[in-house]
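Let us take a walk through this model together, with the sequence at hand and the structure open in your viewer.

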Amino acid sequence: MTESRRPARGQRGQGKQGGPNNRPRQARRPDPAAAAVDQPRVAARDVLRAVRERDAYANLVLPGLLRERKLDARDAALATELAYGACRARGLLDAVIAEGAGRSVDEIDGPILDVLRLGAYQLLRTRIAPHAAVATSVDLARDEFGGGRAGFVNAVLRRVAERSEDEWVARLAPSATADPVGHLAFRYAHPTWIAQAFADALGPDAAELEAVLAADDARPVVHLVARPGEISAEELAMATGGEVGTYSPYAVYLDGGDPGQLEAVREGLAGVQDEGSQLVARALTLAPISGTDGGRWLDLCAGPGGKAALLGALADIEGARVDAVEPAEHRADLVRKTTRGLPVDVHVADGRESGLAPGYDRVLVDAPCTGLGALRRRPEARWRRQPSDVAGLVSLQRELLASAIELVRPGGVVLYSTCSPHLSETVAVVADAVRRYGVTPLDTRELVPGVPSLGDGLGVQLWPHRHGTDAMFMAALRKPE
Ligand SMILES: C[S@@+](CC[C@H](N)C(=O)[O-])C[C@H]1O[C@@H](n2cnc3c(N)ncnc32)[C@H](O)[C@@H]1O
């Protein structure tokens, strides 16, 4: 056993303290005498716990929790940084914690592991003073579970604090020469299969892999969409103090804050929508179709309605009408909400057998996917997704695209999109449809005018590190006449 594998002091008896680390365990009654634990860290800890125990989404849990506990702006910012950061960095943190604890993280009780992840994140990836990172974590453990467990947390974190993040990476990551993708995946805290999927999609540009992985950890800028016909991007930027976007004529970038509180958003003049998604909806309306546009548009996978709302606003201007299909009732409700007052009819149905009459001029298939292109907006998602998810999604994507091709009229266009750059979900699905149904791939790059660095293929792959958008993919296909 190497020195680093030696069990840390204070962990005696830990092995008997519980089973799998995702099982809720009985908390001790809080000790009123305990020093007031630090509220931002309590909030971050509670987010990690909800993610681990209930499969919650960190970005849905945290805002409610901050409001409920009335954290001021500074504390809220710290809680956000710690909760999201620790969710993102989980793989790296767990490897270091396992080394510090001398055991696999699977053998550490979940609630204690949450505290350790929070502490290790502060030690490795923030400028918080090490003694504060350790002491506040020990307080968290003591407050809930008492001295023994606090001692374990103290011992493990002291070991973690012995090295910087770079030193831990040098010690624990696969070799950069023998396994460059595995090395970068470890350094940037991504599962290797996801880093490999990005490298495959980047192809000859795989040297950019480091930049993509780093972009997933950067705090994403909030993108607003100015609803066409309601407000211009310039007006929205003026009203919100934001900056007009680079590629979508409707985009405004906001540096921070809660966009839900903005008057323009509350009044429905604007929404929160990644610029890449705006480009997808717009591309459908720009695609060249044969003959005149009869104004029958279809959004086959519409929930929660971001693209349907933009399509609806553009349809209103063009005199068109959109059918929006979504099988999940609660998501269909969201579509109804976002498209209120627009020429959009919502149908609760499976897109593979929607019952809608064929003959659409334009059809969007914004297919359910792994979401690997939006990891920066969903802190825990990279650790939740599994490679085995891909095959099932690909079959659904193929079936939905087949259905869209049935529903579009000859000479009309189907736009297939995903918020994933995984090649099985993008070019492979499109190539399969071209082969099976004889649809013609269009040069989709022409449908996103002014967007650079789109590569040689006919499809469009956006990237956070190149375009500042989610890694959306889109490909336009015309049905032969
Ligand atoms: C990537 S999301 C679409 C996002 C949406 N276009 C937007 O911009 O807000 C995929 C959607 O497809 C829905 N979906 C899943 N299975 C489906 C099916 N068989 N037919 C149609 N939609 C489906 C999911 O419920 C989800 O709402």
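The paragraphs below go from helix packing to sheets, then to the core and a few backbone details.

Please keep in mind throughout that this is a predicted model. A good place to begin is helix α5, which spans residues 110–125. Helix α3, residues 73–88, packs against α5 with the two axes 9 Å apart and an angle of about 95 degrees between them. Since angles of 65 to 115 degrees count as roughly perpendicular, that makes α3 roughly perpendicular to α5. If you zoom in on this contact, you will find Leu82, Gly85 and Ala86 on the α3 side, while α5 supplies Arg117, Leu118, Tyr121, Gln122 and Arg125. Sorted by class, the contact of α3 with α5 has four nonpolar residues, two polar ones and two charged ones.

Helix α5 has another packing partner in α4, residues 90–101. Here the axes lie 10 Å apart and the angle is about 100 degrees, and α4 and α5 are therefore roughly perpendicular to each other. On the α4 side the contact is built from Arg90, Leu93, Val96 and Ile97. On the α5 side you can pick out Leu116, Arg117, Ala120, Tyr121 and Leu124. The contact of α4 with α5 divides into seven nonpolar and two charged residues, with no polar ones.

Now let us turn to the sheets. Which order do the strands take in the open sheet of four? The order is β2-β3-β1-β4, with antiparallel pairing. Strands β2 (243–244) and β4 (270–272) stand at the edges; each has a single partner strand, so one side of each is left without a neighbour in the sheet. Strand β3, residues 251–254, runs antiparallel to β2 and is joined to β2 by two bridges. One residue pair to look for is Val244 with its bridge partner in β3, Val252. Helix α12, residues 233–240, packs on this sheet and touches β1 (222–226), β2, β3 and β4. The direction of α12 makes about 20 degrees with that of β3.

Further along the chain, strand β12 (residues 473–478) is worth a pause: five of its six residues are buried, leaving the strand mostly covered. Strand β9, residues 408–418, pairs with β12 in the antiparallel sense over six bridges, and Thr418 stands opposite Phe473 in β12. Strand β10, residues 440–441, also pairs antiparallel with β12, over two bridges, with Thr440 opposite Arg478. Strand β11, residues 460–461, is joined to β12 by two antiparallel bridges. The bridge partner of Gln461 in β12 is Phe473.

What about the interior? The largest nonpolar core has 143 residues, and Ala83, Val365, Leu415 and Tyr416 touch the most other members. Helix α5, already met above, gives this core its largest share, nine residues. Tyr416 makes a useful centre for your view: beyond its neighbours within four places in sequence, Tyr416 is in contact with Val365, Ala367, Leu401, Val429, Val430, Met474, Ala475 and Leu477.

Let us finish with some individual backbone positions. The peptide bond from Gly303 to Pro304 is cis, with omega near 0 degrees, and Pro304 lies in the loop between β5 (296–299) and α15. Helix α15 covers residues 306–318 and includes Gly306. Is Gly306 buried or exposed? A residue counts as buried when 20 or more other C-beta atoms lie within 10 Å of its own, and Gly306, with 22 of them, is therefore buried. The C-alpha atoms of Gly306 and Val272 are separated by 8.1 Å, although the two residues are 34 residues apart along the chain. Leaving aside its neighbours within four places in sequence, Gly306 is in contact with Gly271, Gln273, Ser277 and Thr338.

Two loop residues complete the tour. Asp55, in the loop between α1 (39–54) and α2 (58–69), has a positive phi of about 55 degrees although it is not a glycine. Lys70, in the loop between α2 and α3, is likewise not a glycine and has a positive phi of about 55 degrees. With 10 C-beta neighbours inside 10 Å, Asp55 counts as exposed. Lys70 is exposed as well, with 9 other C-beta atoms within 10 Å.

Notes:
Residues numbered from 1 in each chain as written. Predicted model: local features only at pLDDT ≥ 70, side-chain atom pairs only at ≥ 80, totals over all residues. Axes fitted to C-alpha atoms, helices over the stretch in contact; angles between N-to-C directions. Parallel < 35°, antiparallel > 145°, perpendicular 65-115°, else oblique. Contact = placed C-beta atoms within 7 Å. Nonpolar A, V, L, I, M, F, W, Y, C, P; charged D, E, K, R; others polar. Pairing = 2+ DSSP bridges. Core = buried A, V, L, I, M, F, W, Y, C linked by C-beta atoms within 7 Å. Buried ≥ 20, exposed ≤ 12 C-beta atoms within 10 Å, placed from the backbone.
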